[in-house]
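Subject: Structure for your review

Dear colleague,

Please find the structure below, handed over for your study. A description of what was found in it follows.

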There are 2 protein chains.
Amino acid sequence: MNISQAARRTGLPAKTIRYYEEIGLVAPRRDANAYRAFSESDLHKLAFLGRARALGFSIGDCRSLMALYDDKNRASADVRRIAQQHLASIEEKIVQLQSMHETLTRLVGACAGDTRPDCPILDDLAAPPGSG
Amino acid sequence: MNISQAARRTGLPAKTIRYYEEIGLVAPRRDANAYRAFSESDLHKLAFLGRARALGFSIGDCRSLMALYDDKNRASADVRRIAQQHLASIEEKIVQLQSMHETLTRLVGACAGDTRPDCPILDDLAAPPGSG
DNA sequence: CTTGACCTTCCAGTCGCTGGAATCCCCATC
DNA sequence: GATGGGGATTCCAGCGACTGGAAGGTCAAG
């Protein structure tokens, strides 16, 4: 199967698939004309990667997760640890974003958004409340 | 004032300040020895940038916001539009992260996390529920 | 034989820094 | 005047995870 078909089947851009090969996440065999030939197993790996990436796992995590998937003697604790750490970092990001969201919502709410120059958003960026 | 003092006063790493100069966000004058000499106005700009970046604005947005800040004939609507677009993108990110969080929480909760290989996390990555 | 859709590789760019090397400057001490 | 240490400077490379584009090879159809 050609790369464009593999792309269609996995939902990953062909460019991304090539990149995954380059960094050693998949290794499709090659036809005589040097075209990549994807097996069902390759597709399975790519789909695995796609789902892991969609859950926000880093490429490094994906590599570890695939290795664990392949290791039939794995301990599920190892998988769980990776997932839990990722979960924690997601929680951190959410907290940060929510804090930004809160501040921005307040500022946007305070700004008239008209043709006049007065702007609480800029005021806050120039000197946050309680600074003087 | 030297760069290290400017860094201390603004809370930005010296490297970041140099980078901001490189991309034209600040333009401290230079002493005879080529050392950057930061004025209070430079510090103010850097602090502005620091706060805007802390709210997640892109460098491009920061540039626009600073320009608006300097433009005493600005319309607050222009500022508000930038902030609102940013707010929308933050909301998008939060939604995405929350969706990841939900799935991961479920998977982590379902995984025994012991020495056995059975792992719902890997099962899900290999073939999500409802796929066959 | 040409057309056009595919495939290949390789290089550059994205974003916002960050680390490091090589060099220079300034001040204090001996 | 030499030396040492802590600044400062520039420039180049790299991060993560792709993405875009150029230059060229391949294949099936007409």
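Which of the 19 residues around DNA strand D come nearest? In this predicted model, they are A:Lys15, A:Tyr20, A:Arg53, B:Ser4 and B:Arg36. Of the atoms of DNA strand D within 4 Å of the protein, 67% are part of sugar or phosphate, and the rest are part of bases.

Several side chains approach the phosphates of this strand. A polar side-chain atom of A:Thr16 is 3.1 Å from a phosphate oxygen of DNA strand D, and for A:Asn33 a side-chain N or O atom is likewise 3.1 Å from a phosphate oxygen of that strand. From chain B, a polar side-chain atom of B:Arg18 lies 3.0 Å from a phosphate oxygen of DNA strand D. The elements that give two or more residues to the surface near this strand are helix H2 (14–22) of chain A, and helices H1 (3–10) and H2 (14–22) of chain B. H2(A) gives the most, with four residues. The residues of this surface comprise eight nonpolar, five polar and six charged.

Turning to DNA strand C, 19 residues surround it, and A:Ser4, A:Arg36, B:Lys15, B:Tyr20 and B:Arg53 come nearest. Of its atoms that come within 4 Å of the protein, 70% belong to sugar and phosphate. A side-chain N or O atom of B:Tyr20 is 2.6 Å from a phosphate oxygen of DNA strand C; the corresponding distance is 3.1 Å for A:Arg18 and 3.2 Å for B:Thr16. To the surface near DNA strand C, H2(B) gives the most, with four residues.

Yours sincerely,
A colleague

Conventions
Residues are numbered from 1 along each chain as its sequence is written. Chains are lettered from A and ligands numbered from 1 in the order in which they are written. This is a predicted model: local features need pLDDT of at least 70, side-chain atom pairs count only at pLDDT 80 or more; totals for chains, interfaces and linings use all residues. Side-chain values use heavy atoms; hydrogens and water are left out. A residue is near a molecule or strand if one of its heavy atoms lies within 4 Å of it. A polar contact is a pair of N or O atoms within 3.5 Å; within protein, one must be able to donate a hydrogen and the other to accept it, and residues adjacent in sequence count only if both atoms are side-chain atoms. Ala, Val, Leu, Ile, Met, Phe, Trp, Tyr, Cys and Pro count as nonpolar, Asp, Glu, Lys and Arg as charged, and the others, Gly among them, as polar.
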